[in-house]
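Reader: Hello! Could you take me on a close look at one helix pair in this model, and then show me a couple of other spots?

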Amino acid sequence: MEQEEETAEQYVVTRPLYSEESFAQDHEKIYRHRKTMLDHIKQYFTCDAKRAKSTALSLLPVIGWMKAYRFKEWLLGDIVSGVSTGLVAVLQGLAYCLLASLPPWYGLFSAFFPVIIYFFLGTSRHISVGPFPVLCLMIGSAVTRLVPDEGPAFNITGFEGLTRDEQRVLVASSVTFLAGVMQLAMGVLQVGFVVMYLSDTLVSGFTTAAAIHILVSQLKFVLGLEVPGISGPLSLIYTLEIIFNKITSTNVCDVVISIVIMVVVFIVKEINERFKSKLPVPIPIEVTVIACGVSYAFDFKTRYGIDVVGYIPKGYEAPVAPNPQIFQETAVEAFPIAIVGFAVAFSVAKVYSIKHDYTIDGNQELIAFGVSNIFGASFRSFAASTALSRSAVQESTGGKTQVAGLLSAVIVMIVTLAIGFLLEPLPKSVLGAVIIVNLKGSLMQFREIPYLWRRDKADCVVWLASCIGAFLLGLDLGLAVGLGVELISVILRTQFPRCSLLANIRGTDIYKDRKDYISIYEPEGVKIFRIPSPIFFANIEFFRNKLVEAVGFNPLRVLRKRNKAVRMIRKLLKKGKLHSPDGTDTIGLLNTSCGPINESEDESNMEELDQPTDFKDFPARIDWNAELPANIAVPRVEIHSLVLDFAAVSFLDISGLKGLRALLKELIRVEVEVYIVACDPYILEKLHDCSFFDDEVQSSMFYLTLHDAMLHILEKHPEPIPKKSDYEKCLYFCSSSVGQTGGGYADLLPHLVVQHCGPALI
């Protein structure tokens, strides 16, 4: 039993040797009608009862999950989760509003209106929709650019008669509305895949830089300083310069309050994180209630001059229309807001959907967030996404569906309509401290740099580029820089792939990089070249150069040299300066004259030199690897067969097709047999459709597997029978490919030692 366990599992397959053509003859394919673009358009606009029902369910996912709602099992958890999340949403709404450079109570609007819409349209059951600090900061950048703290606002129609805060609210709501329109348009056009271009590495670097921006933006509240909002490139540097210049004016009371709040919140969060498996619900951090009470009791605003939240109006304001002129000024900011907001929300939603085993629809999520932002912007809220900490509270406290999100919106509404005045004494330094503590996870992402550098330097460069770009140039331009570097890295990896020469692993039908293994077999005169990427316009020349380097000669140069040599030999034969020895079919031509041969005249008609060598009227065949007469020098070709492994070639464009065809013709014309193996059926079909094949480049060169092609080559070019002492140099072919009885390849290749998954058969 132990001996059987130690023996590796083996398999034996007996089958014919297959080229693509012979396999197609023996195995009939199923014909599949492929839809044209017109068919897809017709299907898209076709409507019937079933399609209408499916569309309604997809546009209103609430119908689907509400029908399966388990009231007895889920309702209590959703209620507890909704109340807990609502309290957190109130605090974060007030705090994150400071990042957007808006009055704090508008954050409560952003924690209410988008949640209502997402309840009906969203596909995630666990994310908590509302303000997200990075988006708030991006909106704040647009707000302070159009309505700066110092100096006049932009000359925009609609600003007349409005206070500075009202102008800023109009800018924020207009930017949010435009971002929502962009998200809705992308959802309707089914282009939710665009978020896939934002890799985890890029998002990590970007959010780390955003965390630094957020940290710096909150220093003025923590220190009690008046610092004007600055936007644009190097705004972070300028803000830090102003803070350091005013550091002597720090409000000590604000600093003490901030330190106490940060220590308390940090300790409670660490306890919640470390003992989350033992705690039924996370310990609530009700620092706002305590801070409000202390601030009101000791009258911090009057006695110590600290800045507080101040007046919070009751109720909601009337809807407002967005300003089209602001659209023109902020389109550049709105697009990255739309992309980042959706990317963050979708990535968090995907985590919870995998954990709780349900599916989410990226395009429907775009529609949900688009409509949420459009609706919310009409009521003066700013762009909504999700915050990981708030979503974690909703999920960890027992939330099962968006009923918890709806109840959290109810809590926010109660605060807005009834008890908002209790938050008026809340110091802004408390909100700033809470924001800074919540940045711990984002700032700790710096630890990824050493890991990325060791594992994947290209990803590390993308991380650093997105982080440094966002740090220095601002979040919108930084995102563009990170995305540009990421796409360049992908292009470079595809344009300059790691091509390799393969060799057979002895005793198997497996082929690996010849540099990586010791026990390998390489038949003489055969090269196996692997291309691990698509072949297209950008890398066809690189592919050609690598192939020339691998085979050791330039086929076009060899062809031209041979055609020149044939011209010269034909002229010398015609002049009687050469003659062929009797009884041989190979030109071992003898030179009957002395002196050098002038070949300058052969430099004409270069186009003819690229054509196949013409041996018409030649008395015998030329052995190009032998010594040629009349001091004619032609580069030697040491191989007779070249195998191209196309297993990793996923597509081939027209430029790649033309380049490949030209290269194959050059190789064939210098008498190198070319075989292409493991080619994708769709690529092979495209080659037929594009008239790739002719008298020289034939479809018979395509083989099903690499091992099939190698067996065919060894049958066609058998190697000398080795001596007994040289058996270790022989190729051991597993009977999975050879060893057929009755005329199989073991009989066709009697010089091979065939290993039949056990004793060797000679």
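Author: Happy to; here is a walk through one helix pair, followed by a loop serine and another helix. Please keep in mind that this is a predicted model.

Let's begin with helix H10, residues 164–188, and helix H17, residues 362–378. Their axes come within 7 Å and cross at roughly 155°. Angles over 145 degrees count as roughly antiparallel, and H10 and H17 are therefore roughly antiparallel to each other. As for handedness, H10 passes H17 in a left-handed crossing.

Which residues meet where these helices touch? From H10 come Ser173, Thr176, Phe177, Gly180, Val181, Gln183, Leu184, Met186, Gly187 and Val188. Their partners in H17 are Asn363, Leu366, Ile367, Phe369, Gly370, Val371, Asn373, Ile374, Ala377 and Ser378. Sorted by class, this contact of H10 with H17 has 11 nonpolar and nine polar residues, and no charged ones. A general point may help when you scan those numbers: an α-helix has 3.6 residues a turn, so residues three or four places apart point the same way.

Now for the loop serine. Serine 19 sits in the loop between helix H1 (2–6) and helix H2 (20–26). With a relative accessible area of 11%, serine 19 is buried, because buried means under 20%. Leaving aside residues up to four places away in sequence, serine 19 touches Phe702, Tyr703 and Leu704.

Last comes helix H30, residues 706–716, which is mostly covered, with eight of its 11 residues buried. The buried residues in H30 are Leu706, His707, Asp708, Ala709, Met710, Leu711, Ile713 and Leu714.

Definitions and conventions:
Residues numbered from 1 in each chain as written. Predicted model: local features only at pLDDT ≥ 70, side-chain atom pairs only at ≥ 80, totals over all residues. Heavy atoms only, no water. Helix = DSSP H or I, 4+ residues; strand = E, 2+ residues; numbered from the N terminus. Buried < 20%, exposed > 50% of the residue type's maximum accessible area, 1.4 Å probe, protein only. Contact = heavy atoms within 4.5 Å. Axes fitted to C-alpha atoms, helices over the stretch in contact; angles between N-to-C directions. Parallel < 35°, antiparallel > 145°, perpendicular 65-115°, else oblique. Left-handed = near helix turned anticlockwise from the far one by under 90°. Nonpolar A, V, L, I, M, F, W, Y, C, P; charged D, E, K, R; others polar.
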